[in-house]
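Biologist: I am new to this structure and would like to learn how to read its features one at a time. Could you show me the model and then take me through it?

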Amino acid sequence: MNEYLIIVLIIIVVLIFNNLSTKIRKLEKKVSDLTSAIHETSQQSGVAQEEVSVEKTIPQTPPDEILSTKKAAYTLPEDIPFQTQKDWLGPVFDFLKQNALTIIGIFTLVLGIGYFVKYAIDKNWIGETARTAIGLCTGLGIILTGHFLRKNYATFASIITGGGIAVLYFTATIAFREYHLFTQNTAFLITTLITAVSIALSYYYKSEVLIIFSLLGGFSAPLMISTGQSNYLFLFIYISLLNIGMLATAFLQHWRSVGWTAFIFTSLYLFSWTTEKPELLCIVFYMISYIIFYIFALQDYFKKNTLQISGILMLALINFSSITGLVYIFNELKYEPVIVFPATFALINALFFFREYGKKNFGTAYSVFAGITVSLITIAIALQFKAHLMTSVWAVEATLLLFIWKKTGHTIFKNCFYVLFPLVIIAQIITWTEYMNAQNLSIIFNPVFLTSLVTIISMVINLFLLKGTQNHQKQSSSLPEELITVTSYGMIYIALVSEMIYHLSRMPWEAVVNAGLLFSIYYIFIVLLFRKKLDISPTLQTGLIYLFLLLLIVNSSISTLSVVMIILSKKLQAGFYLLHFLQWIPFIYIYVNVILSSDFHKTKISYWIFALTLIIAVSCGLHHSYVLVAARDVPHSYPIREHFNILYLPIIWTLLASIFMYVGLKKDIQEYNKIGFVLIGIMVLKLYAHDVWQMDNISRVIAFILLGVILLVSSFTFQRLKNIIRNMVDKKDPHKEETDLSSD
């Protein structure tokens, strides 16, 4: 008896609380209505008084002032934000907040009944048939209770009725699986009847909550009565009929949650069937599901010629999820061509695209259909060339979501893009791992790089879309968008360099590293070349210049020397060394067109880093060329390198120091003067401390004479240039000369 009392008390408490909360909400609504009515009355009286005063003062008030006053009255303050879009998840959260206790109560009640039945079974109070009868009667009793409460407590009654339907489903399941009171066909017939009755009640009560309960039970019924033997034909005929009923209900009552619930369960069933047992029959039900949910997504388009947020999201999901499943089936069954599905779906979306184009309606629907059509064509081309399915689909879908976000401005698509973009990166990294085990891949036209090419194209489009968004909304530029931008540049670089390294992998590793460094230099060069079109920030631009100079230093010094040693070892052709000189093209261009016009030289250290890069590039370039020409093999290269360092390197440094001082004086850059003097000091210290003791007499004489002449000429040029600059200053400011003479 205690269990019965507890159940009765729970029902009474829930009813009392719901009654009180309903009365409180009604009172709050009345207070709100009274407040708004008082506010409107006061506004009307104020307006009437203003009109009377205006009528009295019309002769004294100029017309321009009256117009400006009225214009100011109808102008919104600048600090009040304009609401551009509704939060479509708001009603869901409001429903959960307002009815949380009711939902918990009915759930607790169902559990209580279940535990009571279990307790009765453990005590052997009732038999199996009686247990089933009690469960069915309890479920019907709860449904009947909800029916009588529906007029005054609509939402509460819907939840109560849903709980009763859940009791009926569980009772039928237990009677079949545990007690074996009837066959599988009978159990399926009973669960189908429960689903049909619950849907009819939902439509009769016009309750969206109740029909969701009904769909949950309808889609769970096959799992409840399953015996482990898969009968997919029968299962998906049932699911298709259920989805058709959902579609009719959604069109009649305009309940979007019903379609999304059906879509989630249908997708789970289809993907489970596809992975477990792919067969041609799957394709039929994929197409049926595609048609049903495509029509569901376009219900607002058919009625009002507009696309809602949920409809656009459904269009994207149904197209790409269907392609994923259908192409997977074709690949598993070794059928061709796989592009038939994305091409067919592209044609369907293109029909709506041309419909909008024909009506000259270039709004949201036009952009969405155009984006989906182009995305599907891109996937079709990628799949035709054997690109990886998931990586290509995710990359294109991410770009489509970003495109729709830019066209509609709804943040739901931006958030979906933020979720999908990391998945694209993970899928692409997994794709790159195939380079490790792949053999004899063709250049460019191989599955790995074609997949990377799809990702590259999508990320380039992402960069331009993000750039366009930031141009219109500078203040909304956030850290995720900046991270996506930097990550996109990195992914594009890795995709290209991975393909190049794979095809050069049979060469010596020194040559591969040298080619990779040269490619990296040119990649940064191209990014900086299009810096304005890509809208690269000054900070990122300066960072890329520093990275560019660092790569030049490494490539000129260590990497190229290792290539020279490999050539002298007869493991590499001498012509490969000529690639090293290609680094000078971007180096000169970036200095002339980028460094001088950027924020790079805002810090003094930048002059020293640039000078260090130039010194190393020139010195090492001449050193490596001299060794390659003069040496016969690797052992013979060591004395030649020593000879170059002792005899020619001081001369090169002296010339470079003179150039730095000349430029520093001509352009009034003190850092270059300092660099020139420091370089001469290092050269003199090296010459007198080390080099002079390693030379023979003839070399010593030649070195001293040449260095002396160079230093004297440099000093003379320095003094002459200094005098020229002083004379130019004196001509511009003659009073300064008189002041200097009088002071003397």
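Modeller: Let us start with a term for the surface: buried means under 20% relative accessible area, exposed over 50%, and partly exposed in between, with a 1.4 Å probe and protein chains only. Isoleucine 444, at 38% relative accessibility, therefore counts as partly exposed, and isoleucine 444 lies in the loop between helix H16 (411-432) and helix H17 (447-472). Helices here are DSSP runs (H or I, at least four residues), numbered from the N terminus. This is a predicted model, in which local features need pLDDT of at least 70 and side-chain atom pairs count only at pLDDT 80 or more, while totals for chains, interfaces and linings use all residues. Residues are numbered from 1 along each chain as its sequence is written, and side-chain values use heavy atoms, with hydrogens and water left out.

Biologist: Which residues form a nonpolar patch on the surface?

Modeller: A patch is made of residues with over 30% relative accessible area and no salt bridge, where nonpolar side chains (Val, Leu, Ile, Met, Phe, Trp, Tyr) are joined within 5 Å and like charges within 9 Å. Here the nonpolar patch consists of Ile377, Ile381, Phe385, Ile443, Ile444 and Phe445, which together have about 610 Å² of accessible area, a value from the Shrake-Rupley method in which only the protein chains shown count as cover.

Biologist: How should I read the packing of two helices?

Modeller: Two packed helices are described by the angle between their axes and the distance between the axes. Axes are lines fitted to C-alpha atoms, for helices over the stretch in contact, and angles run from 0 to 180 degrees between N-to-C directions. Helix H8 (residues 232-253) packs against helix H9 (residues 256-276) at an angle of about 165°, their axes lying 10 Å apart, which means that H8 is roughly antiparallel to H9 (under 35 degrees counts as roughly parallel, over 145 as roughly antiparallel, 65 to 115 as roughly perpendicular and the rest as oblique).

Biologist: What is notable about the phi of histidine 254, and where is histidine 254 found?

Modeller: Most residues other than glycine have a negative phi, and most peptide bonds are trans. Histidine 254, found in the loop between H8 and H9, has a positive phi of about 60° although it is not a glycine. Aspartate 535 likewise has a positive phi, of about 55°, and lies in the loop between helix H19 (509-529) and helix H20 (538-568). As for the peptide bonds, a cis one, with omega about -5°, joins glutamate 336 and proline 337, and proline 337 lies in the loop between helix H12 (309-333) and helix H13 (340-358).

Biologist: How many salt bridges are there, and which residue pairs with aspartate 300?

Modeller: Side chains of opposite charge can pair when their charged atoms come close. A salt bridge is a side-chain nitrogen of Lys or Arg within 4 Å of a carboxyl oxygen of Asp or Glu, and by this rule the count comes to 5. In one of them aspartate 300 pairs with arginine 256, the closest N and O atoms being 3.0 Å apart. This pair links distant parts of the chain, since aspartate 300 is in helix H11 (residues 299-304) and arginine 256 in helix H9, 44 residues apart.

Biologist: Is aspartate 300 buried or exposed?

Modeller: Aspartate 300 is buried, with a relative accessible area of 4%, whereas arginine 256 counts as partly exposed at 27%.

Definitions and conventions: Accessible areas come from the Shrake-Rupley method with a 1.4 Å probe; for residues, only the protein chains shown count as cover. Helices (H or I, at least four residues) and strands (E, at least two) are DSSP runs, numbered from the N terminus.
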